[in-house]
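Hi,

Here is the structure I promised to pass on to you. Please have a look at it first, and then read my notes underneath.

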Amino acid sequence: MRVLAASLLALAIATSAAAQEVTPAPEVSQEAVAQASDVAPQSIATTPEVAAIEPQLAQPTVRPPPSRARPAIDSDEGGLWGMSDRAEIEARNSGQLERDPALNAYLYEVACRVADDVCGDIRLYVMNRPYFNASMAPNGYMEVWSGLLLRAEDEAQLAFVLGHEIEHYRQQHSLAMMRTVRARAGAAAVFSIIAAGAGVGIVGDIVYLGTLASVFGFSRENESEADQIGYDHAVAAGYDPHAGHTLWSNLVAETQVSDNPDTRRRETRASIFRTHPLSADRVEALEERAANASGGETNRERYRAAIRPFLDPWLRADLRRRDYGQTAALLDRLAAHGEDLGVVEYYRGEINRLRRGDGDRERAFQHYTTAITYPDAPAAAWRELGDFAARDGRNAEAVTLLTTYLERAPDAGDRAFVEARIGQLGGGQ
Ligand SMILES: [Zn+2]
């Protein structure tokens, strides 16, 4: 059983790089915890030591020294670090890693501003993954996902989330969680459950996050503590005190317009923030704390400028979740200040094109038509309009639109196909 469990985890780690989508984590029941007890205690610490992790190139090479020494490999904490090291190596080699130097430098700067005494511990990785997620593993490896960056409206909201994650790290909540599970269910339950999870689709989270939170979720007490102290750090760093409850409220609202009835019904847990159960009382607690506070910066325009170059690919990934209700709510928030309307209108069109409900075709056409009146419209908007024209028999117009598409997207992957289509429509002669 021990060998099988270890093999499953190793296999899952080896194969997870190919995973493009994250499957929702199933609930781990108390029974499952109680049953998983036949792996020897030392298994949790058998992760081989890996070479010290070097910071990413895009982040400063001069940074404060780490606040923590690496724990002994044969300790339970050392086992957690080993798991985190493996996850970090996966992240570094992932095709979903965003390596853009300007984006990385900006996000690291914001993280450090709220991290205070543990700034030197952070190694940040930005991932193009369409879920609202951030995490900081026990070894200091931090992930921030595009689904979060699209949903934070400004730098203050991002700072609050990062402050929350950093507080989980600072308080060593992962270690506390592991010890709680061990005390309740036997010394090796943690490892056993993680290994068993390899067969049911949750291992992606383990590899991605490197934290036990991805399996068990932090306790409500840990979440509230991370909220409150994360709030304090963000406000002390000069950020808008209302950012935290505004962000959480937006996420709850987005959950309630989900296409998925189960997601809408789960009021106490916003599915787009799966590893940190989000409840109404947490939103209220932050709102009360901020009630009499004022001032603070949002740095909204600076934040938007930093993520602007990535709106197109990140929204493309968001559509792959096939939760058009949630993506539509996200687009409404992105459009709230009248910015980036070419991209927003194109993706509104994409929702309609992919959903194929009553009236969706007409709405898609309208959104694409509006999109191309803005300078930031993705080239694909012209391709879609060309497709509409061709289907409606407006061949000359289709040729013009498809030609414009190729002019605006000279490296388009479907160039040969589109050129052939233009030829069939009577163009290109
Ligand atoms: Zn949390």
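Below is what I found, going from the whole chain to the sheet, the helices and one loop residue.

Please keep in mind that this is a predicted model. The protein has 22 helices and four strands. Of its 429 residues, 45% count as buried. If you take the contacts with a separation of 6 or more, 72% of them come from residues 24 or more positions apart.

The sheet

The four strands form an open sheet in the order β1-β2-β4-β3, and the pairing is mixed. At the edges are β1 (97–98) and β3, each of which pairs on one side only.

I spent some time on strand β4, residues 141–145. All five of its five residues are buried, so this strand is largely enclosed by the rest of the structure. Both of its faces are covered: Tyr 141, Glu 143 and Trp 145 are buried on one side, and Met 142 and Val 144 are buried on the other.

How does β4 connect to strands β2 and β3? With β2 (residues 123–127), β4 runs parallel, and five bridges join the two. Here Val 126 is the residue opposite Val 144. With β3 (residues 134–136), β4 runs antiparallel, and three bridges join that pair. On this side, Ser 135 stands opposite Glu 143, while Ala 134 stands opposite Val 144. Val 144 is therefore a good residue to click on, since it faces Val 126 in the parallel pairing and Ala 134 in the antiparallel one.

Strands β3 and β4 also make a hairpin with four residues between them, and in this hairpin Gly 140 takes a positive phi near 100°.Two helices lie across parts of the sheet. Helix α3 (residues 76–93) lies across β1, β2 and β4, and runs at about 45° to β4. Helix α6 (residues 155–170) lies across β3 and β4, and runs at about 30° to β3.

A helix pair

Packed helices are described by the angle between their axes and by the distance between those axes. For helix α17 (residues 324–334) and helix α18 (residues 341–355), the angle is about 165° and the axes are 10 Å apart. That makes α17 roughly antiparallel to α18. The crossing of these two helices is left-handed. From α17, the contact is made by Tyr 324, Thr 327, Ala 328, Leu 331 and Leu 334, and from α18 by Val 344, Tyr 347, Arg 348, Ile 351 and Arg 355. These residues divide into seven nonpolar, one polar and two charged.

A loop residue

Finally, have a look at Ser 67, which sits in the loop between α2 (30–35) and α3. Is Ser 67 buried or exposed? With 14 other C-beta atoms within 10 Å, Ser 67 counts as partly exposed. Which residues does Ser 67 touch, leaving out those up to four places away in sequence? They are Asp 117, Val 118, Gly 120 and Asp 121. Ser 67 and Gly 120 are 53 residues apart along the chain, and their C-alpha atoms are separated by 6.8 Å.

Best wishes, and happy viewing

Technical notes: Residues are numbered from 1 along each chain as its sequence is written. This is a predicted model: local features need pLDDT of at least 70, side-chain atom pairs count only at pLDDT 80 or more; totals for chains, interfaces and linings use all residues. A residue is buried if 20 or more other C-beta atoms lie within 10 Å of its own, exposed if 12 or fewer, and partly exposed in between; C-beta atoms are placed from the backbone. Two strands pair if DSSP finds at least two bridges between them. Two residues are in contact if their C-beta atoms, placed from the backbone, lie within 7 Å. Axes are lines fitted to C-alpha atoms, for helices over the stretch in contact, and angles run from 0 to 180 degrees between N-to-C directions. Angles under 35 degrees count as roughly parallel, over 145 as roughly antiparallel, 65 to 115 as roughly perpendicular and the rest as oblique. A crossing is left-handed if the near helix is turned anticlockwise from the far one by less than a right angle, and right-handed if clockwise. Ala, Val, Leu, Ile, Met, Phe, Trp, Tyr, Cys and Pro count as nonpolar, Asp, Glu, Lys and Arg as charged, and the others, Gly among them, as polar.
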